[in-house]
Amino acid sequence: MRDIILITGNVKFTITLDPGVWIFDDRKIDLNTYFLKPSHEQLQNEQQEEEEEIKKLSAFWDREIQEGAVFPPTLKTEKRYLKEKIITGTFAMPLAPFLQNAEPLPDAKELTIVTEHNEVTVSLEQAYKAILGFSKDGKPLREDGPVHFYFGDGSNRKTPITHIRRFIVR
């Protein structure tokens, strides 16, 4: 029961969060790459790569039309890669969908994060942009978890809020 977190307070519905099942959720994000901001040069390189990819796809479809389809045996390889990523990955989940499902009442303005040691209060706006880290290197956050709270801008990515027990909308 220690891994279960509640969203309570000034909400229409109390929400129960179980980070143990988030590994199977398609909304999870890779925490290792989430806060990396691409530079102007990287954006230009990505645009060039995208244009090259479009050209390759166009050539591929032209060949498909002329020669017929051939299906390479890559499905098993893709599944193996995805399984390996889940086993070794560091993941987080956006907090926004859970807050939206709790339906904060119109006078709600902030979210209090109750931890094992203290309470931290953030604006509801900041909470909607936040993400909750739930695994590191493929393992649940047992010692200081079950989740870590990261601000959406990454300002606390080196020192997230840990030991979270409950969220209270006020």
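Begin by selecting P146 together with the residues that it touches beyond four places away in sequence: R2, D3, I5, P19, G133, F134, L141, I164 and R165. The model on display is a predicted one.

Keep P146 selected and trace the backbone on either side. P146 is placed in the loop between β8 (139-140) and β9 (148-150). Colouring by accessibility will show P146 as buried, because its relative accessible area is 5%, under the 20% cut-off. Next, draw a distance between the C-alpha atoms of P146 and D3: the separation is 5.4 Å, although the two residues are 143 residues apart along the chain.

Move now to the largest pocket, which holds about 310 Å³ of space. To centre the view, select L31, T90, K136, Y150 and R157, the residues nearest the centre among the 16 that line this pocket. Then highlight α1 (31-34), β7 (131-136) and β9, the elements that each give two or more residues to the lining of the largest pocket. Of these, α1 gives the most, with four residues. Colouring the lining of the largest pocket by class yields six nonpolar, six polar and four charged residues.

The last stop is the second largest pocket, with a volume of about 200 Å³. Select P19, G20, F134, K139 and P140, which are the closest to its centre of the 14 lining residues. Two or more residues of this lining come from each of α3 (75-88), β7 and β8. By class, the lining of the second largest pocket comprises eight nonpolar, three polar and three charged residues. P19 and F134, selected here, also appeared at the outset among the residues touched by P146.

Notes:
Residues are numbered from 1 along each chain as its sequence is written. This is a predicted model: local features need pLDDT of at least 70, side-chain atom pairs count only at pLDDT 80 or more; totals for chains, interfaces and linings use all residues. Side-chain values use heavy atoms; hydrogens and water are left out. Buried means under 20% relative accessible area, exposed over 50%, partly exposed in between (1.4 Å probe, protein chains only). Contact means heavy atoms within 4.5 Å. On a 1 Å grid over the protein atoms alone, a cavity is a set of points where a 1.4 Å probe fits but cannot get out, and a pocket is an open set with protein on both sides within 12 Å along at least five of seven lines; lining residues have an atom within 4 Å of a point. Grid points are joined across faces, edges and corners, and a volume is the space filled by probe spheres set on the points. Ala, Val, Leu, Ile, Met, Phe, Trp, Tyr, Cys and Pro count as nonpolar, Asp, Glu, Lys and Arg as charged, and the others, Gly among them, as polar.
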